[in-house]
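This report describes the fold, the core and the side-chain interactions of a single chain. The sequence and the model are shown first.

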Amino acid sequence: ALRQFEREGFPGFVSAYARRDLLRGKRVSAQGPSHAEAMLEGTVEGVSSNGALRLRTGHELHLVSSGEVTVRVTAPGQGG
């Protein structure tokens with residue numbers, strides 16, 4: 001895997017990562033590394049080819065490459 005990563009970088013692992021992605025479809029809150037940046041809340045749509053979190057907020061898709069992500073806890077039967 002290390003040699004593959006040296007050759008291909010993260011793009012070589014995107015499909016394997018997607019099969020194990022526990023955040024896909026979950027509601028999360030994300031804030032960039034600067035506390036001046038607005039908090040984003042939305043649903044995770046996986047990761048991009050460079051490893052950025054794909055976060056859907058309504059009709060917009062945001063790519064979050066650094067910062068803090070919090071998984072929103074929902075009660076059983078409420079989805080998420």
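The sections below cover the basis of the model, the fold, the sheet, the core, the salt bridges and one loop residue.

## Basis of the description

The model is predicted: local features need pLDDT of at least 70, side-chain atom pairs count only at pLDDT 80 or more, and totals for chains, interfaces and linings use all residues. Residues are numbered from 1 along each chain as its sequence is written, and side-chain values use heavy atoms, with hydrogens and water left out.

## Overall fold

The chain contains 2 helices and 5 strands. Helices (H or I, at least four residues) and strands (E, at least two) are DSSP runs, numbered from the N terminus. Along the sequence the pattern reads α-α-β-β-β-β-β.

Of the 80 residues, 22% are buried; buried means under 20% relative accessible area, exposed over 50%, and partly exposed in between, with a 1.4 Å probe and protein chains only. Contacts are defined by heavy atoms within 4.5 Å. Among contacts between residues at least 6 apart in sequence, 37% join residues at least 24 apart.

## The sheet

The 5 strands form an open sheet in the order 4-3-2-1-5, with antiparallel pairing. Two strands count as paired if DSSP finds at least two bridges between them. Strand 4 (60–64) and strand 5 (68–71) stand at the edges; each has a single partner strand, so one side of each lacks a neighbour in the sheet. From one strand to the next, the twist averages 45°. For such angles, axes are lines fitted to C-alpha atoms, for helices over the stretch in contact, and values run from 0 to 180 degrees between N-to-C directions.

Strand 1 pairs with strand 2 (residues 40–47) over 4 bridges in the antiparallel sense. Within this pairing, V28 has G42 as its bridge partner, and R27 stands opposite T43. Strand 1 is also joined to strand 5 by 4 bridges, again antiparallel; here the bridge partner of A30 is V69.

## The nonpolar core

In soluble globular proteins, nonpolar side chains tend to be buried together. A nonpolar core is a set of buried Ala, Val, Leu, Ile, Met, Phe, Trp, Tyr and Cys residues joined through side-chain atoms within 4.5 Å. The largest one in this model has 6 residues, namely V28, A30, V44, L53, L55 and V64. Strand 1 (27–31) and strand 3 (53–57) are the elements that give two or more residues to this core.

Strand 1 is mostly covered, with 4 of its 5 residues buried. Beyond its neighbours within four places in sequence, A30 is in contact with A38, M39, L40, L55, V64, E68 and V69. Two of these partners, L55 and V64, are listed in the core as well.

## Salt bridges

How many salt bridges does the structure hold? There are 3, each defined by a side-chain nitrogen of Lys or Arg within 4 Å of a carboxyl oxygen of Asp or Glu. One joins R7 and E8, whose closest N and O atoms are 4.0 Å apart. R7 is exposed, at a relative accessible area of 63%, whereas E8 is partly exposed, at 37%.

E45, R54 and R56 are linked in a network of salt bridges. In this network, E45 meets R54 with an N to O distance of 3.6 Å, and the closest N and O atoms of R56 and E45 are 2.9 Å apart. The R56–E45 pair links distant parts of the chain, with R56 in strand 3 and E45 in strand 2, 11 residues apart. The members of the network are partly exposed: E45 has a relative accessibility of 25%, R54 of 26% and R56 of 26%.

## A buried loop residue

S48 lies in the loop between strand 2 and strand 3. Is S48 buried or exposed? At 12% relative accessibility, S48 counts as buried.

The side chain of S48 makes a polar contact with the side chain of N50 at 2.4 Å. A polar contact is a pair of N or O atoms within 3.5 Å; within protein, one must be able to donate a hydrogen and the other to accept it, and residues adjacent in sequence count only if both atoms are side-chain atoms. Leaving aside neighbours within four places in sequence, S48 is in contact with F10, V14, R54 and L63. Among these, R54 also belongs to the salt-bridge network.
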